[in-house]
Every structure is written in structure tokens, then in C-alpha cells.
Amino acid sequence: MTEHAVNPKGERRVAVEERRRVAQMSPEEMRRELLTSEVTGLPNRRAFDEAGAALAVTMCDVDGLKALNEYGYEAGNAVLKAKADALREAGLEAYHDKGDEFLGRGTQIKALVARLERARATLRGRLILVERADGSTLSFTGADFSYGVGKDIDEAEFGLKRHKAEREGSGEIARGELRGIHKNRKARTRIKRSPPVSSAPRHEAPPATN
């Protein structure tokens with residue numbers, strides 16, 4: 001796992017800037033900030049709870065996030081953002097709960113399942129690029145997730161556990177491993193610099209004499 005040096009002065013400066021930003025927010029902006037996931041931009045668990053009961057609920061989580069985080073949290077966060085985008089594109093009313101867990105709401109279980117499968121297909125085919133702090137680049141394809149759907153969150157969680165067990169039993173996924181995910185790592189890009197051009201005056205050779 002990549003370690004980052006901590007700069008106390010830098011942290012204090014960021015904290016001051018963050019407090020200033022929050023102090024300048026309108027009540028509506030503060031409420032929106034309170035109900036939004038900082039990582040994915042989706043509504044968060046508080047927003048899900050405040051939305052009230054739904055006729056159909058889904059819970060899903062990313063495959064192998066812990067293994068992805070071994071390449072740095074930038075990699076894990078990039079996959080979470082890609083999953084959030086895939087859920088949106090599939091037309092799902094999605095919420096980012098915590099870590100790799102996402103929730104969703106709908107009116108029909110069958111329609112939720114169709115949207116989740118559409119989101120899975122989108123995510124599996126997406127190239128996910130990660131720019132790391134050291135200048136190197138990672139790319140992933142084949143990211144996926146398991147899910148459960150039910151009339152309430154308890155049924156959805158039970159369905160998620162069953163789906164994960166089925167996929168583990170078939171060898172499709174394994175705890176702590178990146179099965180199905182293909183990664184490519186590129187070294188830090190270095191810019192080649194041209195040699196400096198001398199500013200000294202050029203001396204022309206004397207003309208030849210007969």
C-alpha cells in the first residue's frame with residue numbers, strides 16, 4: 001500500500017480552507033453537502049433514510065475492493081466512482097452507503113434487477129484509469145459487483161449475501177482476490193528535455209584561400 005507523508009502545516013491549511021468554504025455556504029448548499037457522498041457524488045445513507053420507505057430496495061457491493069486498495073486508495077475510489085456512474089447510467093436511484101456498499105430504491109423488484117444487470121455490464125466493460133500520486137498510471141477493466149433485492153433493506157442484504165455465496169461457489173469471485181479484473185501499470189512518465197542551446201556567438205570558418 002502506498003504511504004503518503006503527512007504535512008501538519010498542509011493539513012492545517014486545508015482544514016482552515018474547508019471551514020471557510022463551509023461558513024460561506026447557504027443553508028441549501030449545507031444540506032446538499034450533508035446528504036452527498038464525498039467520494040462518488042451520489043446521495044448518502046442519510047439521504048436514503050430521509051427518502052422514506054420504498055416498494056423495492058437493493059444493496060450491492062464491489063468485488064475485491066480490499067485487494068484493489070493494495071494499489072492505493074486512489075484505485076479503490078476510482079472503481080467506486082465508476083460504479084456510481086454505471087448505476088446512474090442504468091437509471092437506478094442509487095445511494096452510496098459506506099465503503100463499497102451502495103443502496104437503491106425502486107417500485108418493482110424485477111425492474112431493479114434489470115437495471116442492476118445493466119449497470120454490471122456497463123462497469124465490466126469500462127476502462128478505469130487511475131493517476132497516482134507518484135506520477136504512475138494504473139488502469140483496470142472487468143470491475144463487477146454483487147447485489148440483492150427485496151421489499152426492504154433486510155431482504156436486500158440477505159439477497160446480497162446469497163448472490164456473493166453463489167458467485168464464490170462457482171469460482172467467479174474469491175475473498176481478497178481480483179478475479180475477473182485485469183490491471184495494467186505504467187511507470188511514471190518522464191519528460192525528455194532537449195540539451196540547452198548555447199547563447200555564445202557562432203564563429204564562422206575563414207574563407208578558403210587559393
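Aspartate 63 has a relative accessibility of 9%, so this residue counts as buried (buried is under 20% relative accessible area, exposed is over 50%, and partly exposed is in between, using a 1.4 Å probe and protein chains only). Let's use that as a warm-up for four exercises. The model is predicted, so local features need pLDDT of at least 70 and side-chain atom pairs count only at pLDDT 80 or more, while totals for chains, interfaces and linings use all residues. Residues are numbered from 1 along each chain as its sequence is written, and side-chain values use heavy atoms, with hydrogens and water left out.

**Exercise 1: Charged pairs**

Find which residue's side chain meets that of aspartate 63 in a salt bridge, and work out what the pair ties together.

*Solution.*

Step 1. Start with the idea: side chains of opposite charge can pair when their charged atoms come close. Here a salt bridge is a side-chain nitrogen of Lys or Arg within 4 Å of a carboxyl oxygen of Asp or Glu.

Step 2. Look around aspartate 63: its side chain meets that of arginine 167, with N to O at 2.8 Å.

Step 3. Place both residues. Aspartate 63 sits in the loop between β1 (56-62) and α4 (65-68), and arginine 167 belongs to helix α7 (residues 153-169), so their bridge ties together parts 104 residues apart in sequence. (Helices are DSSP runs of H or I with at least four residues, strands are runs of E with at least two, and both are numbered from the N terminus.)

Step 4. Check the cover. Arginine 167 is buried too, at 4% relative accessibility.

Step 5. Compare another pair. Glutamate 155 and lysine 151 form a salt bridge with their closest N and O atoms 2.9 Å apart; glutamate 155 is partly exposed at 32%, and lysine 151 is exposed at 54%.

Step 6. Widen the view. The whole structure holds 16 salt bridges, and one network of them links Asp63, Glu117, Arg120, Arg124, Asp144, Arg167 and Glu172.

**Exercise 2: Strand β1 and its partners**

Decide how many residues of β1 are buried, and identify strands that pair with β1.

*Solution.*

Step 1. Count the buried residues: seven of the seven in β1.

Step 2. Sort them by direction. In a regular strand the side chains alternate between the two faces of the sheet. In β1, Ala56, Thr58, Cys60 and Val62 point one way, while Val57, Met59 and Asp61 point the other way.

Step 3. Look for bridges (two strands pair if DSSP finds at least two bridges between them). Strand β3 (residues 101-106) runs antiparallel to β1 and is joined to it by six bridges; alanine 56 stands opposite glycine 106 there.

Step 4. Now turn to strand β6 (residues 145-150), which also pairs with β1 in the antiparallel sense, over six bridges. Methionine 59 has glycine 148 of β6 as its bridge partner.

**Exercise 3: The two sides of helix α7**

Work out how the buried residues of α7 are arranged around its axis.

*Solution.*

Step 1. Begin with the length. The 17 residues of α7 span 24 Å from first C-alpha to last, close to the expected 24 Å at 1.5 Å a residue (the expected span is 1.5 Å times one less than the number of residues).

Step 2. List the buried residues: Ala156, Gly159, Leu160, His163, Lys164 and Arg167.

Step 3. View them down the axis. They fall within an arc of 135°, so they line one face of the helix (the arc is that of the directions from the helix axis to the C-beta atoms). An α-helix has 3.6 residues a turn, so residues three or four places apart point the same way.

Step 4. Check the other side of α7, where Asp154, Phe158, Lys161, Glu166 and Gly169 are exposed.

Step 5. Ask what covers the buried residues: β1, α6 (109-124) and β6 are among the covering elements.

Step 6. Just after α7, find glycine 171, with a positive phi of about 85°.

**Exercise 4: A hairpin**

Identify which strand pairs with β4 (residues 128-131), and find the turn residue with a positive phi.

*Solution.*

Step 1. The partner is β5, paired with β4 in the antiparallel sense over four bridges. Isoleucine 128 has phenylalanine 140 in β5 as its bridge partner.

Step 2. The two strands form a hairpin with five residues between them, and glycine 135 in the turn has a positive phi of about 95°.

Step 3. Finish with the cover of β5 (residues 137-141): four of its five residues are buried, so the rest of the structure largely encloses this strand.

Note on methods
Contact = heavy atoms within 4.5 Å.
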